[in-house]
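This report looks at how the interior of one protein chain is put together, beginning with a single residue and moving outward from there.

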Amino acid sequence: KILSLSYELSKRQMWSRISSRYSRFSFAEIEKDNSVLEMDVFDSLNTLGEKIKIELGWNIDQIIASIDNFDVIIVDYIQRMEFEGSDTRKGIDLNMGKLSNLARDKNKIIFVISSMAEGSDNFKESGSILYMCQSAFFLKRITSNILVLENIKNSRGINGNNVYLEVDFAHQKIKEASKPELKEFI
């Protein structure tokens, strides 16, 4: 069971993105008018609905209270998660620490999505994200539909491995790609 928490998108936007993986329509088309969805897409969504719970804006206490009901938690994105106090950095640090403890103490998989400070390789507003996580990846677009997923931390293995991904953004589909030729970037 997956708990997917969004702090930026609505539930309609989240489900439109998921729906587009099964539909001939793009997520933007589905978001505008979900009546375009094919009947077999509804069957897929009903099956997924038993495994995924999408919620908006949950705070850390709500996550802690429901942790035993889920195997995987996705926090998208931590800088927008409500925190105690008025100091953004301390608030992110506190939330990140509690999520890290949940992963360890409850043996849960927790994905934390963050943003990087512009023009740097540091996490925005807080270094604790990289410090507390077990593995960290930096996702960067290198062509219109090719991304590179750089492994920047792996506490249980080799760091520095890159995976190239080909993305169909309209249908939210990703597949591994071979490393692009350097001449494409020159």
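## Contacts of Ile-73

In this predicted model, Ile-73 is in contact, once its neighbours within four places in sequence are left aside, with Leu-3, Leu-5, Ile-67, Lys-108, Ile-109, Ile-110 and Phe-111.

## Two nonpolar cores

Ile-73 is also among the residues with the most contacts inside the largest nonpolar core, which has 20 residues, and it shares that standing with Leu-5, Tyr-7, Ile-63, Val-75 and Leu-99. Two or more residues are given to this core by each of strand E1 (2-6), helix H4 (60-66), strand E3 (72-76) and helix H5 (88-106), and the largest share, four residues, comes from H5.

Apart from this core lies another, of 10 residues, among them Ile-18, Leu-37, Leu-45 and Ile-52. In soluble globular proteins, nonpolar side chains tend to be buried together.

## Surroundings of Trp-58

Trp-58 is placed in the loop between strand E2 (52-56) and H4, and it counts as buried because its relative accessibility is 12%, under the 20% cut-off. Leaving aside its neighbours within four places in sequence, Trp-58 is in contact with Leu-3, Leu-5, Tyr-7, Lys-53, Ile-63, Ser-66 and Met-81. The C-alpha atoms of Trp-58 and Val-75, which are 17 residues apart along the chain, are separated by 9.3 Å.

## The buried residues of H1

In helix H1 (residues 11-20), the buried residues are Met-14, Ser-16, Arg-17, Ile-18, Ser-19 and Ser-20. These buried residues of H1 pack against E1, helix H2 (27-32), helix H3 (39-49) and E2.

Terms used
Residues are numbered from 1 along each chain as its sequence is written. This is a predicted model: local features need pLDDT of at least 70, side-chain atom pairs count only at pLDDT 80 or more; totals for chains, interfaces and linings use all residues. Side-chain values use heavy atoms; hydrogens and water are left out. A nonpolar core is a set of buried Ala, Val, Leu, Ile, Met, Phe, Trp, Tyr and Cys residues joined through side-chain atoms within 4.5 Å. Buried means under 20% relative accessible area, exposed over 50%, partly exposed in between (1.4 Å probe, protein chains only). Contact means heavy atoms within 4.5 Å.
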